[in-house]
Amino acid sequence: METKKVWFVTGASKGLGFELVKKLLSDGYKVAATSRTVTSLTDAFGEVSESFLPLSMNITDNNDVKSALDKTVGHFGNIDVIVNNAGYGQLGTLEELSDAEARANFDVNVFGTLNVIRNAMPYLRGQKSGNIFNISSVGGYYGGFPGWGVYCSTKFAVAGFTEALAEEARDFGIHATVVYPAYFRTDFLTKDSVKTPENSIEAYEAARSSEKAHLDEINGNQPNDPEKAADVLIQISKEKNPPVHLLLGVGAPEFLNNKIEAITKDARDWESLTLSTAI
């Protein structure tokens, strides 16, 4: 009989995190779910129970994150799977976005995720097992989207440190996976979930066009089902040798192929200069 694992899911009040928590609870797993407010979780999933622990957590506060993980282990006795899903999209060209806007996106998407990893690892190392899923984006390996540079760079960072984490954690029986979702039909692209630049520069026509397309056209018409994404993550958590890189959804392979082709072409076209530096 399968032993049901204890999951810790951040950003659980909407999007992929919401669908994952819903699926986990329906399948009999034990789940600690975090959001900025407890009511957003209890309204959706119910009050504290033997199988569910809703937690308010400020992901940018290391002490608050540590407290949430401590409460999870105190409630369930252990913790098995970490899903770093909390994050938000920040639109705006590099010139448009202020230092504060850029840093805020990094604080949540990058340093918030690191806070969770830093405080979860002692538990996972102690039991010599566990899975960590860090949710990146197709924008975490292909950044050619005008107006999404800062957001994509946060997701590149998530991919980079997950690769390192996979090597660091391997000797302890812990698996780390960076997940690259394509477009899923969640509320990620709604105006409540994506921040636009406080001071836009209209000269950036490509960025404005991309912004309009994502908010008005792609939103609501994404080709992928988040419930099926939840099924995939659950299945991967059961694998003996899960992947370090998990492309998720229709469209994800095409973005990867575009990146590979672009790098390969540049490398081939400029190989003579690349190798000209030899002593």
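Against which elements do the buried residues of α5 pack? The structure examined is a predicted model, in which local features need pLDDT of at least 70 and side-chain atom pairs count only at pLDDT 80 or more, while totals for chains, interfaces and linings use all residues. Residues are numbered from 1 along each chain as its sequence is written, and side-chain values use heavy atoms, with hydrogens and water left out.

Seven strands (E in DSSP, at least two residues, numbered from the N terminus) form an open sheet with parallel pairing in the order β3-β2-β1-β4-β6-β7-β9. Each of β3 (52-56) and β9 (245-248) has a single partner strand, so one side of each is left without a neighbour in the sheet. Pairing requires at least two DSSP bridges between two strands. Strands β1 (residues 6-9) and β2 (residues 30-35) run parallel and are joined by four bridges; phenylalanine 8 stands opposite alanine 32 in β2.

Helix α5 (residues 149-170; helices are DSSP runs of H or I, at least four residues) packs on the sheet and touches β6 (130-135), β7 (174-181) and β9, contact meaning heavy atoms within 4.5 Å. The direction of α5 makes about 160° with that of β7, where axes are lines fitted to C-alpha atoms, for helices over the stretch in contact, and angles run from 0 to 180 degrees between N-to-C directions.

The buried residues of α5 (under 20% relative accessible area, 1.4 Å probe, protein chains only) include Val150, Tyr151, Phe161 and Leu165. The buried residues of α5 pack against β5 (89-90), α4 (99-127), β6 and β7.

Key:
Buried < 20%, exposed > 50% of the residue type's maximum accessible area, 1.4 Å probe, protein only.
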